[in-house]
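Biologist: I am new to this one. Show me the model, and I will ask how each label is earned.

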Amino acid sequence: MIAIAQEQTTYPVYTGSDLGVTYQPKGTKFKVWAPNASEVVLRLYPSGLGGTATKTINLKPSTNGVWEVVAEGDLKNQYYTFQVKQEGKWLLERPDIYAKAVGANGLRGMVADMRSTNPKDWEKDKRPQQKSFTDIIIYETHVRDLSISPNSGIKNKGKFLGFTEAGTKSPTGESTGLDHLKELGITHVHLLPSFDFSTIDETKLELNEYNWGYDPANYNVPEGSYATDPYDGNVRIKEFKQLVKTLHDNSIRVILDVVYNHTSTTEKSNFNQFAPGYYYRLKEDGSYSDASGCGNETASERAMMRKFIVESVAYWAKEYHIDGFRFDLMGIHDIETMNQVSETLHKIDPTIFVYGEGWTAGGSPLPEDQRAIKINTPKLQNIAAFSDDIRDGLRGPFSNDREIGFVSGKAGTAESVKFGIVAATQHPQINYHHVNYSKAPWANEPSQCITYVSCHDDHTLFDRLKHGNEHASEEALIKMDKLAHTTVLTSQGVVFLHAGAELLRTKQGVANSYKSPDAINQIDWSWKNKYKKEFEYYKALVALRKNHPAFRMSTTKMIQEHLRFHDTHDPLLISYEISGNANGDKWKQILVLLNGNKHDKHVSLPAGEWTLAGDGNTINEKGIRKVEGTELTIPATTAYILFAR
């Protein structure tokens, strides 16, 4: 296989932008890159599953490894496969890697007239207004989780269309689904993988199978199990567009979680049916490298893989009006590919947001200085990475779910939290030697840092706090949860919230719930009534951030000029001031006090006439009360927010 790998580096590169299927009523063009093929056959079928081919057509070799043919007549809604012969062996029948539409389970492509899949007024669809990346508040959810609960009041449970229903209520009258998202006030919905993935059998939806979707099959097609009809290739496309348009109409942007770093299968993947081995990295012994932990890793540095990734995200941005992309295990990709992704997307629309996980799940042959990992973020152009520094500083390390963090009273964590408060940027008051993971700033600007404390890929925050604080009362756990989220929502950078965190979501202690049933993963809308006070607090925190630009400064220089930490002489008390009407804020001075101690603390206040706006139970931007004197007592495990005009 090493010899094959060396040979593949000399494969010709096709630079055209028309690979895949191009539909016209008079004839459809089929074009694939199969540089080592001796024959390529196209088969046409009346349906996406079963039956025999109605027509078999041989493709002809063209330039730079491309095979093509124009099939005459109107082939709209017909299904197709390709089969490649290489080294005397016929490979599997599969759709091309650029397939735009597929049948059930994605085993056959479909010739689609994409214009016919557009919902009403699609051409009038506009991205909601966005001035700065640091204005973004992301809400990460799984399509199924949001609506599948029996008490969601949503008709299209577990479907793309579940996001399009207005006026839905829980049995106790609380708003759910779309109305809940609007009520909370987030700016972006991040959808866990919603392209066509492998694990759920779309012909047996009655089994209610569950998966997060990190097992890609067809990258440029929406997932069929989220459609009302997985058999008709048009339905999933139109319904996904309806989701996007509805959210846009309600001032919410849409982010797609993309997984270009590995495929669900290796030898049988669509990639390997056209250029076996080419799209993957190999170890020195010729075996597949596995930095993804899923059996393989793609070789983004290879010209045709890089081309595929860049063209795929551009397709989603143009065809589906997607507003952002979250790259799974972005560290597997090379820096140059990610920068080309960013450049291409920002030519389409400069407000499209790109971010990813700045790490790998294992070792890779790609040299570390070429990887899009967190430490290399300064080399990335307009691309953000997740700050596991503040996440684990607040709640405890990913590697040990019994270990606690700042909000549970763990000393030695404050510097990691402060590092996150300034969004991993250069700040003169951060002692980088005491930060948990990063010994230097890694964000050039705050827009390159995702500030968060929980996501789908672990315990929910509330579950994590239970694990690390076994004997704590629910009241104490809620205080920790509120302290963590108050820290996040008043920190610089781009804020990211895990769906249901505002309702103290639980997955019943399951962390890696990627294939757990709905009973574990669903958002139970009864939580909204049970934790009504907490929801109102989080909703008010979101509004506070949106109303006060001082919490979302757009440059490192601005943060350095306006944000100053006070020396509290206490390892579990963080005090910082944002002064000078920062970023045009109407508040001249803002004081944030974070008490991670399990007892009250007395704090000396800086000069000024201070008003308390947040006391851990209430957020009131008009003021809860004026603060008399120069000292203030902050309760245990509580955040205080004060302002002076």
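Modeller: This is a predicted model. Start with lysine 482, which lies over the face of tyrosine 537, 5.3 Å from the ring centre.

Biologist: What makes lysine 482 count as lying over the face of tyrosine 537?

Modeller: The cut-off asks for NZ of Lys within 6 Å of the ring centre and within 35 degrees of the ring normal. Lysine 482 is at 5.3 Å from the ring centre of tyrosine 537. Arginine 108 is placed over a ring too: it lies over the face of tyrosine 45, at 3.6 Å from the ring centre.

Biologist: How many aromatic pairs does a search of the whole structure find?

Modeller: The search finds 40. One of them joins phenylalanine 30 and tyrosine 80.

Biologist: Why is the pair of phenylalanine 30 and tyrosine 80 called edge-to-face?

Modeller: Centres must lie within 6.5 Å, and planes over 60 degrees apart count as edge-to-face. Here the values are 5.6 Å and 70 degrees, so the pair is edge-to-face.

Biologist: What parts does this pair tie together?

Modeller: Phenylalanine 30 is in strand E2 and tyrosine 80 in strand E7, so the pair ties together parts 50 residues apart in sequence. Both residues are buried.

Biologist: Now helices H7 and H8. Why are they called oblique to each other?

Modeller: They pack at an angle of about 140 degrees, with their axes 8 Å apart. Roughly antiparallel needs over 145, and roughly perpendicular runs from 65 to 115. The angle of about 140 degrees fits neither, so H7 and H8 are oblique. H7 passes H8 in a left-handed crossing. Residues making the contact include Ile390 and Leu394 of H7 and Val417 and Phe419 of H8.

Methods
Residues numbered from 1 in each chain as written. Predicted model: local features only at pLDDT ≥ 70, side-chain atom pairs only at ≥ 80, totals over all residues. Heavy atoms only, no water. Phe/Tyr/Trp six-rings, centres within 6.5 Å; stacked < 30°, edge-to-face > 60°. Helix = DSSP H or I, 4+ residues; strand = E, 2+ residues; numbered from the N terminus. Buried < 20%, exposed > 50% of the residue type's maximum accessible area, 1.4 Å probe, protein only. Axes fitted to C-alpha atoms, helices over the stretch in contact; angles between N-to-C directions. Left-handed = near helix turned anticlockwise from the far one by under 90°. Contact = heavy atoms within 4.5 Å.
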